[in-house]
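Hi everyone, thanks for coming along. Please have a look at the structure on the screen, and then I'll walk you through a few parts of it.

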Amino acid sequence: MRSPVLRIPLVLPLALALAACGTSAQAARTAAGAPAAFGLPAPTGPHRAIGTTELHLVDHARPDPWVPGRARELMVSVFYPAARRSGPAAPYLRPGVAKVLSEADALGVFKAGTVDWAAARTHAAASVPADLRGGARPVVLYSPGFGVPRALGTTLAEELVTRGYVVVTVDHTYETAPVEFPGGRVENQRLSGPGPERLKTALDARVKDTRLVLDRLAGLRDGRNPDAEGRALPPGLGRTLDLSRVGMDDGVGARLRHRVLRPGAARAAPAHPGPAVSPPPGRPVHPLIRSDGSPPPGRMISRRG
């Protein structure tokens, strides 16, 4: 059974919103003609120990909407409260992704060879044990804007983890460019021609991708390993997931959240400007994030009813 997905008002400081793209104003030329190095803004919440791991999810029953003859597969990252601050910081980008971004104009902003993508690090340690002292945490799904890689939500993900959440960031394969899979395979964007059909295909794919992620997270919570290669999971990761409290921040807007939400699930306030999805009659609208950036008490999170 899928969990309800709530819409999230990201009422964190403006500085966090500006940093949510994943890079900071610290980028600077390290030497004349050398690529610019950059660092991510440090998270500000009280829980400073952050862990991260990636999952390769495959839906063998669903053909890929962009590439005929392939099953749909995704890469996601899970950011979670760690038991302690230990281990080297995980890279901001996988090596193959960093290489692609370095060799071509990246993200419509950075010229080829001007940014040292491979050197950037997160504030999270890879696959360290999860912190179980706070019990299961609310889960936030981060689905980036059209064509945008999940890594650009790293700063936002880390900030939310330090405030009591687990955050799952999603790459929508072949819409996003590039995506690196286990073994170093890199898949680039493979979109159809511009027009309404492309947008419809992308929206349909995102809805099904999000449902796949929720289903596999439920399996993880129940003790199963959803990774297609069966790679070892961080100890205790599944026990950090409270899937009765799931929020979503996405770059597409209300249409995606409305289609992922099952009938009867309450909606929270919009994460982005635009038309709101109204809650069912008589059902309150509750935020997933309080004004100080922390999770509200469990009673304020709308659940299946």
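The lining of the largest pocket takes at least two residues from each of β4, β5, β6 (89-91), β7 and β9 (166-171). A quick word on those names: helices (H or I, at least four residues) and strands (E, at least two) are DSSP runs, numbered from the N terminus. This is a predicted model, in which local features need pLDDT of at least 70 and side-chain atom pairs count only at pLDDT 80 or more, while totals for chains, interfaces and linings use all residues. Residues are numbered from 1 along each chain as its sequence is written, and side-chain values use heavy atoms, with hydrogens and water left out.

What do I mean by a pocket? We lay a 1 Å grid over the protein atoms alone; a pocket is an open set of points with protein on both sides within 12 Å along at least five of seven lines, whereas a cavity is a set of points where a 1.4 Å probe fits but cannot get out. Lining residues have an atom within 4 Å of a point. Grid points are joined across faces, edges and corners, and a volume is the space filled by probe spheres set on the points.

The volume of the largest pocket is about 460 Å³. It has 27 lining residues, and the closest to its centre are Glu54, Ser77, Pro91, Arg94 and Arg150. Which strand gives the most to this lining? That is β4, with four residues. By class, the pocket lining has 13 nonpolar, seven polar and seven charged residues. Here Ala, Val, Leu, Ile, Met, Phe, Trp, Tyr, Cys and Pro count as nonpolar, Asp, Glu, Lys and Arg as charged, and the others, Gly among them, as polar.

Let's stay with β4 and look at its partners. Two strands pair if DSSP finds at least two bridges between them. With β5 (residues 71-81), β4 runs antiparallel, and eleven bridges join the two; His56, for example, has Met75 as its bridge partner in β5. With β7 (residues 121-126), β4 runs parallel, joined by two bridges. There, Gly51 stands opposite Ala125, and Thr52 has Ala126 as its bridge partner. Strand β7 also pairs with β6, in the antiparallel sense, over two bridges. Ala125 turns up again here, as the bridge partner of Ala89.

Is β4 mostly covered or mostly open? Mostly covered: eleven of its 14 residues are buried. Buried means under 20% relative accessible area, exposed means over 50%, and partly exposed is in between (1.4 Å probe, protein chains only).

Now one residue from that strand, Asp59, which sits in β4 (residues 50-63). Why does Asp59 count as buried? Because its relative accessible area is 17%. Contact means heavy atoms within 4.5 Å. If we skip its neighbours within four places in sequence, Asp59 touches Ala71, Arg72, Leu212 and Arg216.

Next, Glu175, in the loop between β9 and β10 (179-180). Its relative accessibility is 1%, so Glu175 is buried. Beyond its neighbours within four places in sequence, Glu175 has contacts that include Trp66, Phe146, Gln189, Ala202 and Arg206. Glu175 and Ala202 are 27 residues apart along the chain, and their C-alpha atoms are separated by 7.2 Å.

Helices next. Helix α4 (residues 196-221) has 26 residues, so at 1.5 Å a residue it should span 38 Å, and its end C-alpha atoms are indeed 38 Å apart. The expected span is 1.5 Å times one less than the number of residues. After α4 comes Gly223, with a positive phi near 100°. In helix α2 (residues 95-103), the buried residues are Gly96, Val97, Ala98 and Leu101, and they pack against β10 and β11 (186-187).

How many cavities of 30 Å³ or more are there? Just one, with a volume of about 40 Å³. β8 (137-143) and α3 (154-161) each give two or more residues to its lining. That lining has seven nonpolar, one polar and one charged residues.

To finish, the whole protein: it has five helices and twelve strands, and 51% of its 305 residues are buried. Of the contacts with a separation of 6 or more, 74% are between residues 24 or more positions apart. Thanks for listening!
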